[in-house]
Number of protein chains: 2
Amino acid sequence: MGFMAQSAPTADRILTVATDLFGRHGIAGTSLDDIAGTVGVAKQTLLYWYPSKDALIGKVLTATAVELLYAIDKPVRGAGDGFARVEATINSVFAAAVRRPSLLGLVRELNRLDTSTSDQLLDAMSSHIETAVAWLEGEMQAGRLRKADPRILLSLVYATVVGVATETEALRVVGWEPTVGNLRKLRREMIEFLRAALLP
Amino acid sequence: MGFMAQSAPTADRILTVATDLFGRHGIAGTSLDDIAGTVGVAKQTLLYWYPSKDALIGKVLTATAVELLYAIDKPVRGAGDGFARVEATINSVFAAAVRRPSLLGLVRELNRLDTSTSDQLLDAMSSHIETAVAWLEGEMQAGRLRKADPRILLSLVYATVVGVATETEALRVVGWEPTVGNLRKLRREMIEFLRAALLP
DNA sequence: ACCTTTCTCTACCAAATGGTAGAGGAGAGA
DNA sequence: TCTCTCCTCTACCATTTGGTAGAGAAAGGT
C-alpha cells in the first residue's frame with residue numbers, strides 16, 4: 001500500500017485509479033478508457049484483469065469497504081469512554097479521507113447503485129453498525145452521551161463527517177481552501193461541533 | 001407548481017423529470033433518452049426545448065438553485081434570535097428535501113462539475129453566504145450561539161442537513177425506513193442534534 | 001382558404017462505450 | 001530449443017449516446 005509506485009502490479013494500479021476516478025467523477029461518469037488511459041495501459045489489459053466493468057466496480061467497492069472498516073476498527077475497539085472513542089474514530093476516518101479523498105466520495109456512489117448491489121456491502125457492515133449502536137446506547141444510559149435515538153444519531157454523525165470531507169464545493173463557497181493548516185483547523189472545528197452535539 | 005399535472009407545459013415537465021433523474025442517478029448517469037422516455041416524449045422534442053444536454057443541465061441547476069434559495073430566503077430573514085432562526089431555516093430546507101428528494105441530490109452533483117460551470121452558481125449564492133456568516137458572527141458575539149469559525153460552522157450544518165436528507169443508504173443501513181412518522185422523528189432528532197451543536 | 005408559427009415527430013449520423021477474438025512477446029521449466 | 005503460462009497488445013463489433021435534418025400536425029391570424 002502507501003505510495004503505489006509505478007512498479008506495482010497492474011491489477012493493483014488499475015484498482016487504485018478506478019477508485020480514484022469513480023470517487024471523483026462517479027461510476028457512470030468514468031469509462032473504461034478513462035481508467036486505462038490514466039493507468040497507461042490498453043483497455044483490454046484492464047478487461048483481462050477484471051472481466052467486465054461490473055466486476056471492476058464490485059472489486060473497487062469491496063476494497064474500499066475493507067480499507068474504511070480497517071481504518072475504523074482499531075479506534076472503535078480502542079480504549080476510552082464517552083466522546084474520547086468517538087473522537088478517535090472520527091480522526092481515523094478523517095485521516096483516511098485526507099489520504100485518499102476519493103474513498104468517501106465512492107461511498108456516496110452507493111446511493112446510485114441499485115439496492116441489490118449495495119445490499120451485500122451493507123450486510124458486511126451491519127455487525128459493525130449493531131456494535132456501534134449498542135455502545136452508543138450504553139454510553140447514553142451511563143450519562144456520558146446525550147440521550148437520543150442511537151441509530152439516527154449515528155447517521156447524523158456519519159452525514160456530518162462524510163459530507164464535510166467530500167463536499168469540497170460547500171467549503172469552497174465559504175472561502176475555505178484546502179491547505180494543510182486549514183485541514184487541521186477544519187478537523188478541530190468538526191470535533192468541537194460533534195463534541196457539543198454528542199455530550200449531554 | 002405543486003402537482004405538475006400531465007397538462008403542464010412540455011418544457012416544464014422535462015425540467016422536472018430531468019431534475020429528478022439527475023438527482024437520483026447523477027448527470028453522467030442520465031441520458032437524454034432516459035429523460036424523454038420518462039416524460040413520455042421523443043428525444044428530439046427535448047432537444048427542441050433545450051438545444052443540448054449542457055443547456056438542459058444549466059437550466060436544471062439554476063432552477064434548482066432558485067427553488068432552494070426561495071425556500072431558504074423567507075426563514076432566514078424571518079424573526080427570531082439565536083437558534084430559532086436556524087431551526088426555521090433547517091425546517092424549510094428539510095421540507096423542500098422531502099417534497100423533492102432529488103433537489104438536494106442534485107446539489108451534490110456540483111462537486112462533479114468542472115469548477116467553471118459551478119462558479120456562476122456559487123457567485124449567485126455568495127451574497128447569501130456572507131449574510132449568513134455575518135449573522136452567525138453577531139449571534140456568537142452576543143453569546144446566543146457557541147463561538148466557532150462561522151464559515152466552517154456553516155459548512156458543517158450544511159453537510160449534516162444535506163447529507164442526512166440525501167444519503168438514504170446511510171439511514172437504510174441503520175434500519176430506518178422512510179415513513180411519515182419516521183421522517184418527523186428524523187427531523188426532530190436532527191434539530192436536537194444541531195441545537196446541541198450550536199448553542200453555547 | 002391560406003400562410004405562418006409552434007410544436008412534436010421519424011429517420012439518420014458520428015462518436016464513444018462496454019466487450020470479444022485472437023495475435024504476439026517474455027519468462028520459466030523441461 | 002521447445003513449450004506452456006502469463007500478460008499486454010491491435011483489430012474489430014454492437015449498442016448507446018448526444019445531436020442534425022427535415023417532415024408533418026395543430027392552431028391562430030389574415
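This talk covers two contact surfaces: the one near DNA strand D, and the one between chain A and chain B.

Some ground rules. The model is predicted, so local features need pLDDT of at least 70 and side-chain atom pairs pLDDT 80 or more, while totals for chains, interfaces and linings use all residues. Residues are numbered from 1 along each chain as its sequence is written, chains are lettered from A and ligands numbered from 1 in the order written, and side-chain values use heavy atoms, leaving out hydrogens and water.

DNA strand D comes up now. Which residues come nearest to DNA strand D? They are A:Thr10, A:Ala42, A:Thr45, A:Trp49 and B:Lys53, out of 15 residues around the strand. Here, "near" asks for a heavy atom within 4 Å. Of the strand D atoms within 4 Å of the protein, sugar and phosphate make up 55%.

Now some individual contacts. Polar ones pair N or O atoms within 3.5 Å; within protein, one atom must be able to donate a hydrogen and the other to accept it, and residues adjacent in sequence count only if both atoms are side-chain atoms. The side chain of A:Thr10 has an N or O atom 2.6 Å from a phosphate oxygen of strand D. B:Lys53 uses a polar backbone atom, 2.6 Å from a phosphate oxygen of strand D. B:Lys43 reaches a base instead: a polar side-chain atom lies 2.8 Å from a base nitrogen.

Helices next. These are DSSP runs of H or I, at least four residues, numbered from the N terminus. Helix H3 (43-49) of chain A and helix H3 (43-49) of chain B each give two or more residues to the surface near strand D. H3(A) gives the most, with four residues.

On to the two chains. How many residues does each chain bring to the contact? Chain A brings 52 and chain B brings 53, with contact meaning heavy atoms within 4.5 Å. The buried area is about 4,300 Å², and carbon and sulfur atoms give 61% of that. Buried area is the accessible area (1.4 Å probe) that two parts lose on being put together, summed over both.

There are three salt bridges between chain A and chain B. That term needs a side-chain nitrogen of Lys or Arg within 4 Å of a carboxyl oxygen of Asp or Glu. B:Asp149 forms one with A:Lys185, the closest N and O atoms being 2.8 Å apart. The rule also finds 11 residue pairs in polar contact across this interface, both residues at pLDDT 80 or more. On the side of chain A that touches chain B, H8(A) supplies the largest share, 13 residues.
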